[in-house]
Structures are given as structure tokens and as C-alpha cells.
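I opened this entry to note what I looked up in the structure, item by item. The chain and its model come first, and my notes follow.

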Amino acid sequence: MTLPQLIQIIWTISGVLLVVLILLHSPKGDGLGGIGGQAQLFTSAKSAEKTLNQVTWGLSITFISLTIILSAGWLTPQG
């Protein structure tokens, strides 16, 4: 497995996880986070939302960074 393939796999996984986390966000109600008792993992709804925001931002930065690296062609050999 080469480095570009590994980065493409990480990029794909981060994209899928990003979609899932965005769907878990709840602007005013439980949203999809209420399905399956997700909110019970945290002590309060505010704590759950804060953690969800932090993870979403981290994945967003990862996804965008890897998109730039892959699209710029920095990992392909010159020539």
C-alpha cells in the first residue's frame, strides 16, 4: 500500500464520518442524536453538543486538508 492510497482511505473514512456527525447535530431538538440513546452517553445535552462540535471541526479540518493534498498532486512523483 502506497502513501497516496493510505491517504485516500483516510480521506474517504473522514468524509463518511463527517456526514454522519453532521446528521447527528441537532439545531433545536434531538435530531438523529436521539435515536438509539446517543444523548445518554454524556452528562448533559450541552456537553454532548460541545463534544460533537469539536469532533466535527477536527474531521472537517482533516477532510479539507487531505482534499487539498490529494488534489494538488503533491504525493505523485514528478516526471
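Which residues does UniProt list for "transmembrane region"? I found residues 6–24 and 55–75 listed there, in an unreviewed entry, and I kept in mind that the model I compared them with is a predicted one.

I then checked both ranges against the secondary structure. Over residues 6–24 the chain is 100% helix and 0% strand, with 27 Å between the end C-alpha atoms; over residues 55–75 I noted 86% helix and 0% strand, and here too the end C-alpha atoms are 27 Å apart. For the chain as a whole I recorded two helices and zero strands: helix H1 covers residues 3–24, and helix H2 covers residues 45–72.

Next I turned to the contacts. Among contacts in the chain with a separation of 6 or more, 76% come from residues 24 or more positions apart. As one pair to look at, I took leucine 24, which lies in helix H1, and leucine 52: they are 28 residues apart in sequence, and their C-alpha atoms are 8.2 Å apart in space. Leucine 24 is classed as partly exposed because its relative accessible area is 23%, which falls between the cut-offs of 20% and 50%.

I also searched for aromatic pairs, and the count came to one. Tryptophan 11 and phenylalanine 63 form this pair, which is stacked, with 5.5 Å centre to centre and 10° between the planes. The pair links distant parts of the chain, since tryptophan 11 belongs to helix H1 and phenylalanine 63 to helix H2, 52 residues apart. Are the two residues buried or exposed? Neither label fits: tryptophan 11 counts as partly exposed at 29% relative accessibility, and phenylalanine 63 also counts as partly exposed, at 24%.

Last, I looked at the surface. Of the 79 residues of the chain, 16% count as buried, and the chain exposes about 6,000 Å², of which carbon and sulfur atoms supply 69%. I noted a nonpolar surface patch of about 680 Å², made by Met1, Leu3, Leu6, Ile9, Ile10, Ile13 and Leu17. Of these I followed up leucine 17, which is found in helix H1 and is partly exposed, with a relative accessible area of 41%. Leucine 17 can therefore belong to the patch, because patch residues need over 30% relative accessible area and leucine 17 has 41%.

Notes. Residues numbered from 1 in each chain as written. Predicted model: local features only at pLDDT ≥ 70, side-chain atom pairs only at ≥ 80, totals over all residues. Heavy atoms only, no water. Patch = residues over 30% accessible without salt bridge, like charges linked within 9 Å, V, L, I, M, F, W, Y side chains within 5 Å. Areas by Shrake-Rupley, 256 points an atom, 1.4 Å probe, with all protein chains shown as cover. Salt bridge = Lys/Arg side-chain N within 4 Å of Asp/Glu carboxyl O. Helix = DSSP H or I, 4+ residues; strand = E, 2+ residues; numbered from the N terminus. Buried < 20%, exposed > 50% of the residue type's maximum accessible area, 1.4 Å probe, protein only. Contact = heavy atoms within 4.5 Å. UniProt positions renumbered as here; feature names shortened; annotations may be inferred. Phe/Tyr/Trp six-rings, centres within 6.5 Å; stacked < 30°, edge-to-face > 60°.
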